[in-house]
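The following exercises are intended for a reader who is new to this structure. Each task is followed by a solution in steps.

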Amino acid sequence: MNIRALLGLILTCTIFLIGSTKKDGLTCRARCGDMLGECSCHSSCVSLLSCCPDYNRSCLQVTPHSSSMLGGRALRILGLDLHPSGQLLCRFKDQIEVEGFIDAAGQAYCISPLLYETGWIPFTVSTDGINVNRSGQYLSVHPSNVDPASEVTLVNVTQWNHYGTSNIAGRLKMTWNSSLIGAETVNIELWGYREFNRSAGDTTGSLPLQAQISYLYSLGKTLPNTGVFSFTPKPSQEHSDWELGNIRITASSKPDGARDVQGLWSSAHLLAWHLGQAFRDDSVAWATNKCLQWDVLEKRLPNFLEDLIDCPCTIVQARADTGRFHPDRGCDIERGSVCIYHPGSVHCVRSTQASLTHGSGQQCCYDSTGALMFAGDTFGGSTPDRAHEWGSPPYGQPPRVPGYSHWIYDIISFYHCCLWSDHCQIYLDHRPSTGCRNYKPPKPGIVLGDPHFITFDGLSYTFNGKGEFYLVSSQDRELTVQVRTDQVKLKNGTLAKATQMSSVAMKEKVSDVVEVRLYEGHLQVLRNHQVLPFTEQTLMDLHGAFVFSPSPQEATVILPSGAAVEVSVHEGIMVVSILLPAEFTNQTQGLLGSMNSDPSDDLLTQRGELISSSDAKPEEIFLFGASWNISKRTSLFTYDSKYLLDNFYFPPSHHSEFVPAFSLPERPDDPLVADMLTVCSGGGAAFCKYDTLTTRSLAVGNATLRVYQNYEARVADLIPVVSCGWLPTPRNGRKKGTHYLEGNTLSFACSEGHILYGSAERTCLGDGTWTGEQPYCVRERKMRNQTRQ
């Protein structure tokens, strides 16, 4: 080694030792997420190799990283090894204290607590009983989204829910994974859920309700942990007023009804099997009385229907509007669900966001023709929900408790009125279908290929700038969507004179920042610059956003306004599709233009200069795109690698030195051209050809073509249709037809002994009105008497 190299090594070691000394004086205790200068306590420090020395022991990660909101799951704390005889206290949300445990190997565990909310839950731990300065978070999950392998399975759940009604009896059976309990004997408990008034003296209903999950009694104690238990239920007189609940199984060493201990839960279900003897003696009379009581209660509650979004008019609109509606798990055409509660339906959707005022939810069901079904026509029609199935922020209190409030307000009453008695009309009177007269489809915009843009108004162009840009900017609606583009790397390792998307980041109002980026051929989702794991869940409830990622190649971010950002990967190329509700009309700027049904003003630069779209040259479009570069101050992106720092954080947001190939010749001697001309035809052919020649891959060009065709199909699905609204069947009469869109005709007739007055036929017109007059039926005898008089 020469002298210069030796001196360099000594200097490097000296700098390292000085840096280490500085780092050694810093700690991440109570500072997780911060950047401290010499070192970092932010999650990005792991990939940047800049963590403070105690980062892993202070900023905690747990496995598994999710638990049912009912709690009881052991979360192992990674990187925290303690003495088996030590102490561990876990504090969730700064208020719920749960005693953790340390196994024989020194591994520390926190037990997830029982909560009334979903989402990422912060926690801190103390290892000395005094200082609580190590922190982490875990994902609290809606009970319906829990992995079935980690819960108690109610065998034949229909028998459980209807036990005691006509011809439903026998032994009830449950199963579980015995290895998840970790004990030779277990206790099996019944827990009940209810919502009650905090003050027994409040007769006005003005005070907020309280949610309560409580231990009721044990079904068995010190039972062998075989994973199977069956019993013949007996009526419970003491607890028969509890109609909803769960089974919990714990180690028999745990006290009866102990909260926040390790255990397994069943799904929520009706406790028909434990109701009092009066229910067993005459379930119809019992349910009728309950239905009538509910009728009285509903009439006292505020009208929640006015606060709901209208249903999409057709099944294709419902399936295309992914920002505002999601498939109903009980009636999903994609999953082959049997629509038990909506007979005659082939598909139902629910509103993704709860209504702001009442926390309510919309439900829309469709028949085999794709038409919206109305509860006024059929038992299987669309019925809205007073309490949203997913709950709604701020959670915690009725009617916003995930899952359970929906059971209390909407499902139990359905059993009382419709399934256990013949009073379904009472239920449908309080849950009428709201229709689709005011429904306005969203507008789609898309970025595909290398990269090609189609604005919300349908203008197509190609912009191959490199850097970070505003895809959508809406100051009034406080929505920002940014996109990062990088050079295309060919299979031989060379860089093409074109770019592709590598990341998209977004934020709406005070929501979490969500970023979806391309990483080693698949998508990686980040929340506030921290990578989210989708190994246990496909749906995550974030602050101000839902993220759905069913596979490493797909991710959809749904924002409170109903805007949806869909990201997918096709042949290694990222595609971003954005759906914006009509409320964004005249409220957007950026690379996807101004959403106002006028494509001529979509090429408006950030400086306010308008480029004519009818004759714009590629160089002018390039300048337009470059003008929408973001500033470092407004960037939503994560820079957690040397490559990202060197290529996107330190340089300007637009790499002006990079000039793409604005066009590529189709040379006859090019071996790709012949096959390309065969594949690239019809709509999207120009994009297909460009991407084929740019990437030297026919597969990439073909993928671009398929994405374009799917985009065109969605545009067609979202074409507005006119609805004239539902028409009732006349009393003592009949109605033929249950479709209420433009061009549909309904016919009416009266029962025998009645005369029809009004129109026998009515047709829906393009202006949203019906021809003719509302028909009604009058008894012949009554008409004769009136004529004589």
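**Exercise 1: Two single residues**

Lys173 has a relative accessibility of 38% and therefore counts as partly exposed. The model from which this value was computed is a predicted one.

Task: State in which strand Lys173 is placed and which residues Lys173 is in contact with, leaving aside neighbours within four places in sequence.

Solution.
- Step 1. Lys173 belongs to strand β11, which covers residues 172-175.
- Step 2. With neighbours within four places in sequence left aside, the contacts of Lys173 are Thr153, Leu154, Val155, Trp160, Val228, Phe229 and Ser230.
- Step 3. A C-alpha to C-alpha distance of 9.3 Å separates Lys173 from Val157, and the two are 16 residues apart in sequence.

Task: Determine whether Ser405 is buried or exposed.

Solution.
- Step 1. Ser405 lies in helix α8, residues 404-419.
- Step 2. The relative accessibility of Ser405 is 0%. Buried means under 20%, so Ser405 counts as buried.
- Step 3. Beyond its neighbours within four places in sequence, Ser405 is in contact with Tyr193, Glu195, Ala387, Pro398, Pro399 and Arg400.

**Exercise 2: Helices α12, α13 and α14**

Two packed helices are described by the angle between their axes and the distance between the axes.

Task: Classify how α12 and α13 are directed relative to each other, and describe their contact.

Solution.
- Step 1. The axes of α12 (residues 671-679) and α13 come within 10 Å and cross at roughly 155°.
- Step 2. Angles over 145 degrees count as roughly antiparallel, so α12 is roughly antiparallel to α13.
- Step 3. The crossing of α12 and α13 is right-handed.
- Step 4. From α12, the contact involves Leu672, Met676, Leu677 and Val679; from α13, Cys688, Lys689, Thr692 and Leu693.
- Step 5. By type, the residues of this contact of α12 with α13 are 6 nonpolar, 1 polar and 1 charged.

Task: Carry out the analysis for α13 and α14.

Solution.
- Step 1. Helix α13 spans residues 685-695 and helix α14 spans residues 698-717; their axes come within 7 Å and cross at roughly 155°.
- Step 2. α13 and α14 are therefore roughly antiparallel to each other.
- Step 3. α13 and α14 cross in a right-handed manner.
- Step 4. On the α13 side, Ala685, Phe687, Cys688, Asp691, Thr692 and Thr695 take part; they meet Leu698, Val700, Gly701, Asn702, Thr704, Leu705 and Tyr708 of α14.
- Step 5. The residues of the contact of α13 with α14 comprise 7 nonpolar, 5 polar and 1 charged.

**Exercise 3: Aromatic rings**

A pair of aromatic rings is described by the distance of the centres and the angle of the planes.

Task: How many aromatic pairs does a search of the whole structure find? Describe the pair of Tyr415 and Trp420, then that of Tyr649 and Phe650.

Solution.
- Step 1. The search of the whole structure yields 34 aromatic pairs.
- Step 2. Tyr415 and Trp420 are 5.5 Å apart, centre to centre, with 75° between the planes, and form an edge-to-face pair.
- Step 3. Tyr415 is buried at a relative accessible area of 1%, and Trp420 is buried at 5%.
- Step 4. The ring centres of Tyr649 and Phe650 are 5.3 Å apart and the planes stand at 75°, so this pair is edge-to-face.
- Step 5. Tyr649 is partly exposed at 40% relative accessibility, whereas Phe650, with a relative accessible area of 58%, is exposed.
- Step 6. Ring pairs link Tyr415 and Trp420 into a cluster with Phe279, Trp286, Trp294, Tyr341, Phe379, Phe414 and Tyr427.

Note on methods. Residues numbered from 1 in each chain as written. Predicted model: local features only at pLDDT ≥ 70, side-chain atom pairs only at ≥ 80, totals over all residues. Heavy atoms only, no water. Axes fitted to C-alpha atoms, helices over the stretch in contact; angles between N-to-C directions. Helix = DSSP H or I, 4+ residues; strand = E, 2+ residues; numbered from the N terminus. Parallel < 35°, antiparallel > 145°, perpendicular 65-115°, else oblique. Left-handed = near helix turned anticlockwise from the far one by under 90°. Contact = heavy atoms within 4.5 Å. Nonpolar A, V, L, I, M, F, W, Y, C, P; charged D, E, K, R; others polar. Phe/Tyr/Trp six-rings, centres within 6.5 Å; stacked < 30°, edge-to-face > 60°. Buried < 20%, exposed > 50% of the residue type's maximum accessible area, 1.4 Å probe, protein only.
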